[in-house]
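Open the model in your viewer, switch on a cartoon, and keep the selection box handy. We'll take a few stops along the chain, with something to click at each one.

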Amino acid sequence: MGRWYATRLTRSLSRAEMDKGLVMTASGENVEELRGQLTAQERLGSQMISS
């Protein structure tokens, strides 16, 4: 069936953002796994903004 991918298209991440765990492309074995990766990325990004 293949992997599922989602790539950020609006801007590139800074080195500091990537060092904190944000990724340009998330992937998963299925839609549920990808959704989990995207949720985790959104949570991490929100934590970085509120810090």
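Colour the cartoon from the N terminus on and you'll read the elements as β-α-β-α. That makes 2 helices and 2 strands in the chain; helices (H or I, at least four residues) and strands (E, at least two) are DSSP runs, numbered from the N terminus.

Some housekeeping before you click on: this is a predicted model, where local features need pLDDT of at least 70 and side-chain atom pairs count only at pLDDT 80 or more, while totals for chains, interfaces and linings use all residues. Residues are numbered from 1 along each chain as its sequence is written, and side-chain values use heavy atoms, with hydrogens and water left out.

**The whole chain**

Zoom out and show just the C-alpha trace: along its principal axes it spans about 40 × 20 × 20 Å. Now put a surface on. The accessible surface comes to about 4,000 Å², and 53% of that belongs to carbon and sulfur atoms; areas here come from the Shrake-Rupley method with a 1.4 Å probe, and for residues only the protein chains shown count as cover.

How much of the chain is buried? Of the 51 residues, 18% are, where buried means under 20% relative accessible area, exposed over 50%, and partly exposed in between (1.4 Å probe, protein chains only). As for contacts (heavy atoms within 4.5 Å), take those with a separation of 6 or more: 37% of them come from residues 24 or more positions apart.

Next, colour by charge. You should find 7 positive and 6 negative side chains, with the centres of the two sets 5 Å apart. Lys and Arg count as positive and Asp and Glu as negative, leaving out His and the chain ends; each charge is placed at NZ of Lys, CZ of Arg, CG of Asp or CD of Glu.

**Three salt bridges**

Stay with the charges, as the structure holds 3 salt bridges, each a side-chain nitrogen of Lys or Arg within 4 Å of a carboxyl oxygen of Asp or Glu.

Select Arg3 and Glu29 to begin with. Their side chains meet in a salt bridge at 2.3 Å, N to O. Glu29 sits in the loop between β2 (25-28) and α2 (31-50) and Arg3 in the segment before β1 (4-7), so this pair ties together parts that are 26 residues apart in sequence. Glu29 is partly exposed at 46% relative accessible area, and Arg3 is partly exposed too, at 36%.

Then pick Arg15 and Asp19. Here the closest N and O atoms are 3.7 Å apart. The two are 4 residues apart in helix α1 (residues 15-19), which separates them by about one helical turn. Arg15 is exposed, with a relative accessible area of 56%, and Asp19 is exposed at 57%.

The remaining stop is Arg11 with Glu17, joined in a salt bridge at 2.7 Å, N to O. Arg11 is partly exposed at 47%, whereas Glu17 counts as buried at 15%.

**Around Glu17**

Keep Glu17 selected; you are in helix α1. What else does its side chain reach? Look for the backbone nitrogen of Ser14, at 2.8 Å. Show neighbours as well: leaving aside those within four places in sequence, Glu17 is in contact with Arg11, Leu22 and Met48.

**On to Leu22**

Follow that list to Leu22, in the loop between α1 and β2. Leu22 is buried, at 7% relative accessible area. Which residues does Leu22 contact, apart from neighbours within four places in sequence? Light up Arg8, Leu13, Glu17, Gln41, Leu44, Gly45 and Met48. For a distance check, draw a line from Leu22 to Ala40: 9.2 Å, C-alpha to C-alpha, for residues 18 apart in sequence.

**Across to helix α2**

Now jump to Gln41, which you'll find in helix α2. Is Gln41 buried or exposed? Buried, with a relative accessibility of 12%. Beyond its neighbours within four places in sequence, Gln41 is in contact with Arg8, Gly21, Leu22 and Val23.

**Last click: Ser12**

Finish at Ser12, in the loop between β1 and α1. Ser12 counts as exposed at 59% relative accessibility. Draw another line to Ala40 from here: the C-alpha atoms of Ser12 and Ala40 are separated by 18 Å, with their positions 28 residues apart along the chain.

Terms used:
A polar contact is a pair of N or O atoms within 3.5 Å; within protein, one must be able to donate a hydrogen and the other to accept it, and residues adjacent in sequence count only if both atoms are side-chain atoms.
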